[in-house]
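Please open the model in your viewer, with a selection box at hand and the side chains ready to be switched on. The tour below goes from stop to stop, saying at each one what to select and what is to be found there.

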Amino acid sequence: MDEIKLGGLGASRRRVEDNRFIRGKGNYFDDVVLPGMLHMEVLRSPMAHARIKSIDTSKAWEIPGVRLVLTGEALATRNLGWMPTLSYDTQAVLATDKVRFQGQEVAAVVADDPYIAKDAVTAIQVEYEPLPPVVNPEQALAADAPLIRDDKLGQEDNVVFDWEVGDKAGTERAFDEADVVSRVKLHYPRSHPSPLEACGAIADFDRSTGKLTVYLTTQAPHIVRAAVALIAELPEHQIRIISPDLGGGFGNKVPVYPSYVVAILASILAERPVKWVEDRTGNLISTGFGRDVYLDGQVAMRKDGKILAVKMNTTSDHGAFFADAQPSKFKIGLMHSAFAAYDVPYAHLAARGVYTTKAPGGVAYRCSFRVTEAMFFQERMVQAAAEDAGIDQAAFRRLNLVKDDDFPHRTPYGFLTDSGQYGKALDLALKEIDYEGFLVEQAEARKRGRLLGIGISTMTEPLGAGNSREYDILGIKMFDSAELRVHMTGKALLRTGAKTQGQGHETTWAQIVAHELGLPADDIVVEEGDTDTAPFGMGTYASRSTPVAGAAIAMAARKVKAKARKIAAHLLEVSEEDVEWELGRFYVRSQPSRGVTIQEACLAAYSNMPDGLEPGLEAVSYYDPPNLTWPFAAYVCTVEIDPETGVWDVLRFVAVDDCGVRINPLIVEGQIQGGLTEAYAMASMQFITFDADGNCVGSNFMDYLLPTAWETPGWELHEVVTPSPHHPIGAKGVGECATVGGPAAFVNAVVNALSHLGVRNVDMPMLPDRVYEALSRGVDVSGAPPVKTD
């Protein structure tokens, strides 16, 4: 049987979900309309930091059609004034004592239609007493800094946590013995996932049954159900979370946001469905940000360029509440995955988190829990180290990359990488870009006043968090699940605890089943996103889809195949030990011509079962990964900078990705192209920051730019395949790799073009004015807030 024609592994099968999307038949959150549905609008604070002196809602109540007006005080009487975050902090649902960031939720109105609700919100009068804003860690840690979280008992400063990992003593010894020490200070700016569809909730509480149904734009339905059970004090089996088609997520739709809680309470009080949908400014100004981390990084080397040790000191800006979506054990996510691709003997990471008067951030924006920051810092440090050692950047990487025969490799921070051909991927990228030829062209161009640059980023990302020994969120272990039900006709229904938001699960999950059972992929329907029907799972984020959910699907299919083998033995009248398998067919080992198809075994599961074996053909698998998977990539970018304006253009971009076995090459390439586009946007144009008054600059798509087809460069894609030895089908995952590794390639290329002028860093986004300042003055340019607005 031809697996490609069947739609199994390796088939570039078109996405089946696109059949409804391109016809306008998707079922998105805003398509859900319930009888008697009311509409909710939220009042947000215009100030970054202020004491609330009074809230007057009387004029809002007077508007015809208003059903409810809720404030923090009203919620507090029901023990809903504060809610837990995914990082064991607390967050105000509606502000009571004071507001702690611009855009914080202060009050809510429920009305007959959304326009009445909007009018009523503007009628609410709030008297604020301004307090000093704090928009960066330096301000937060100052001796005279205002205490932002004065609600927390025992909180005497603005420090969220101090956390460290690695061999500090060994690292210090290595630095003492080093011939060369390189140092660089960087800021990875605050970024926003910006999904096409903003967040929303429709809460429907049925008092007669005690059942709460919530239609929600969430990437993790079961986690939200658990959080709602804790917050609303409702029994979990009486809560149903339905996540319909999502217009993107990228991590933005993992957290539990205050407006979800308010909508649920409003439905309980009004005894009618209540809908809240977020506008774009609300999404950009208040929901889960990513990044916003500062680095002081050092690399110790021998004079020949061999890395002896690295030091990473990071300070992360968490905004007003510590609401990161990440494994509980790791306070700065998986930042310590840095330098996993390099043979580094010693490393130490000291991480500090601080509160500021900004919206809470820390979501895994298309990355595996701060890995984007880790890889960006790593590759910027490597570039600076190569320059300080006087060694070509490609040769420096080749010298220090982990060799093929050194797997599994223990990283300096304690991770165990699974497999890879790092040198092969780098060499392929350099060959395709014509690295040596470009260096000659660059030198000639400089003589004529042209500024050409070339940047490299070699990265590996830990995916599939994670094994139950180390990984949990709110105490829930980070396994995933699959339920496979095969009908008597050989058609199948697959349900998983994952939740697609554009990755193509309905297509690729069926391909895994096709590979394992030989059923045509077109005969397999995939369902996700409903907690009443899907097995419990941790959702989709941090590239967990293929490494964890995909593995659970393969294991469930193998359970089905094991039972089908018993049925086949019964049909063939031989012992089970005499039955062999080839794709789609069982046969007798000694007589290959005697066999039964998988479809015949499926029919027999309901009509001709052997004695002692229960009917039916279905299985459930909960997969607890033994380790993370570690895809690798080598990205090389060439740029040219206009010395008159600071505008830089991408000339070429070569990407070589090793994500293990590729389930669907077409979808893999789409993921890489989309990820590189996001990387380009972060490096070049996505500008979200804060002024000295705490005002968010970038709360609309006029300021926070998204790349279109006009701006986006072309991508030259290549591959290396190194299967993961511990994943059931050898896959590693790829959904985030390009976003993780891409930004450093762009920045390294621009800095390389300016390095002869003494420039070592230009913070992202590398706007033309920043690049022009760097090249005209020969200085590094920081992008840390506050920014001038005059």
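Begin with glycine 466, which sits in the loop between strand S20 (451–460) and strand S21 (472–473). Keep in mind, here and at every later stop, that this is a predicted model. If you add alanine 465 to the selection, you can look at the peptide bond that runs from alanine 465 to glycine 466, which is cis, with omega near -25 degrees.

Now move along to leucine 474, in the loop between S21 and strand S22 (476–477). Its backbone deserves a look, since phi of leucine 474 is near 55 degrees, a positive value in a residue other than glycine. With a relative accessible area of 27%, leucine 474 is partly exposed.

A positive phi is also found at serine 543, where the angle is near 50 degrees and the residue is again not a glycine. Select serine 543 in the loop that connects strand S25 (524–527) with helix H16 (545–572). Is serine 543 buried or exposed? Serine 543 counts as buried, because its relative accessibility is 11%, and the cut-off for buried is under 20%.

For the next stop, turn on a surface and select Met488, Leu603 and Tyr606, which together make a nonpolar surface patch of about 270 Å². Of these residues, tyrosine 606 can be located in helix H17 (residues 598–607), and with a relative accessible area of 33% it is partly exposed.

Keep the surface on and select Asp343, Asp404, Asp405 and Asp406, which form a negative surface patch. To place one of them in the fold, follow the loop between helix H12 (393–400) and strand S18 (409–410), where aspartate 406 is found. Aspartate 406 counts as partly exposed, at 30% relative accessibility.

The cysteines come next, and they can be shown with their sulfur atoms. How many disulfides does the count come to? The count comes to zero disulfides, taking a disulfide as a pair of cysteine sulfur atoms within 2.5 Å. Select cysteine 659 together with cysteine 737: cysteine 659 is in no disulfide, and the nearest cysteine sulfur, which belongs to cysteine 737, is 7.2 Å away. Cysteine 659 counts as buried, with 3% relative accessibility. Then select cysteine 696 and cysteine 199, and draw the distance between their sulfurs: at 15 Å, the sulfur of cysteine 199 is the closest to that of cysteine 696, yet too far for a bond. Cysteine 696 counts as buried as well, at 10% relative accessibility.

From there, go to glutamate 773 in helix H20 (residues 768–777). Glutamate 773 has a relative accessible area of 30% and is therefore partly exposed. Add glycine 646 to the selection and compare positions: the two residues are 127 residues apart along the chain, while their C-alpha atoms are separated by 7.9 Å.

The last stop lies in the segment after H20, where you can select proline 786. Which form does the peptide bond from proline 785 to proline 786 take, cis or trans? The bond between these prolines is cis, with omega near 5 degrees.

Methods:
Residues numbered from 1 in each chain as written. Predicted model: local features only at pLDDT ≥ 70, side-chain atom pairs only at ≥ 80, totals over all residues. Heavy atoms only, no water. Patch = residues over 30% accessible without salt bridge, like charges linked within 9 Å, V, L, I, M, F, W, Y side chains within 5 Å. Areas by Shrake-Rupley, 256 points an atom, 1.4 Å probe, with all protein chains shown as cover. Salt bridge = Lys/Arg side-chain N within 4 Å of Asp/Glu carboxyl O. Lys, Arg positive; Asp, Glu negative; His and termini not counted. Charge placed at Lys NZ, Arg CZ, Asp CG, Glu CD. Helix = DSSP H or I, 4+ residues; strand = E, 2+ residues; numbered from the N terminus. Buried < 20%, exposed > 50% of the residue type's maximum accessible area, 1.4 Å probe, protein only.
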